[in-house]
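Dear colleague,

I am passing on the structure we spoke of, and I would be glad if you could look through it with the notes below at hand.

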Amino acid sequence: ERAFPIHVNVIPVNAVKETGLRPPAPADIKKFCPLGKSETALLKDAFTNLGLSIRAYHKVIKVSRTIADLDGEERINESHIAEAVSYRSMNKKYWN
């Protein structure tokens with residue numbers, strides 16, 4: 001559970017949205033969504049176990065970046081990756 005109500009998080013996200021910024025293209029992922037060694041290892045393990053594509057890999061990183069932004073974090077950490085992977089595995093289980 002997040003410590004803040006969702007409406008507290010929506011205001012900063014909408015402010016970024018109004019700037020016209022777009023999610024990074026796959027070629028820009030490393031620049032805008034840098035990962036540390038432990039985050040990269042966690043992501044690789046998750047993708048090996050779930051058998052996901054490189055396209056899904058980039059989507060999970062982008063979702064992790066969004067989760068980190070909602071948490072007010074400058075960097076993506078393991079909890080952000082784990083949450084994003086859980087959404088992806090849920091999506092794969094119920095909608096594919």
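What follows goes through confidence, the nonpolar core, the aromatic pair, the salt bridge and one serine.

Please keep in mind that this is a predicted model, and that the mean pLDDT of the protein chain is 78, with 67% of its residues reaching 70 or more. Confidence is lowest in helix α1 (residues 6-17), where the mean is 54, and highest in helix α3 (residues 37-50), where it is 92. Where pLDDT is low, the predicted coordinates should not be read in detail.

Turning to the interior, the largest nonpolar core has 16 residues, and those that touch the most other members are Leu 43, Phe 47, Val 60, Ile 61 and Val 85. Two or more residues come from each of the elements α3, α4 and α5 (78-95), and α4 gives the most, with six residues. Leaving aside residues up to four places away in sequence, Val 85 touches Leu 43, Ala 46, Leu 50 and Val 60.

Phe 47, one of the core residues named above, also belongs to the one aromatic pair that the structure holds. The ring centres of Phe 47 and Tyr 57 lie 5.5 Å apart with the planes at 70°, and because an angle over 60 degrees counts as edge-to-face, the pair is classed that way. The pair links distant parts of the chain, since Phe 47 sits in helix α3 and Tyr 57 in helix α4, ten residues apart; both Phe 47 and Tyr 57 are buried.

A search of the whole structure finds one salt bridge, in which the side chains of Asp 69 and Arg 65 meet at 2.8 Å, N to O. Both residues lie in helix α4, four residues apart, or about one turn of the helix. How do the two partners, Asp 69 and Arg 65, stand in terms of accessibility? Asp 69 counts as partly exposed, because its relative accessibility is 45%, whereas Arg 65 has a relative accessible area of 13% and is therefore buried, the cut-off being under 20%.

Finally, Ser 64 is found in the helix that carries the salt bridge, α4 (residues 54-70). Its relative accessibility is 1%, so Ser 64 counts as buried. Apart from residues up to four places away in sequence, Ser 64 touches Ile 76, His 80, Ile 81 and Ala 84.

With best wishes

Key:
Residues are numbered from 1 along each chain as its sequence is written. This is a predicted model: local features need pLDDT of at least 70, side-chain atom pairs count only at pLDDT 80 or more; totals for chains, interfaces and linings use all residues. Side-chain values use heavy atoms; hydrogens and water are left out. Buried means under 20% relative accessible area, exposed over 50%, partly exposed in between (1.4 Å probe, protein chains only). Contact means heavy atoms within 4.5 Å. A salt bridge is a side-chain nitrogen of Lys or Arg within 4 Å of a carboxyl oxygen of Asp or Glu. pLDDT is the predictor's confidence in each residue, from 0 to 100. Rings of Phe, Tyr and Trp (its six-membered ring) pair if their centres lie within 6.5 Å; planes under 30 degrees apart count as stacked, over 60 as edge-to-face and the rest as tilted. A nonpolar core is a set of buried Ala, Val, Leu, Ile, Met, Phe, Trp, Tyr and Cys residues joined through side-chain atoms within 4.5 Å.
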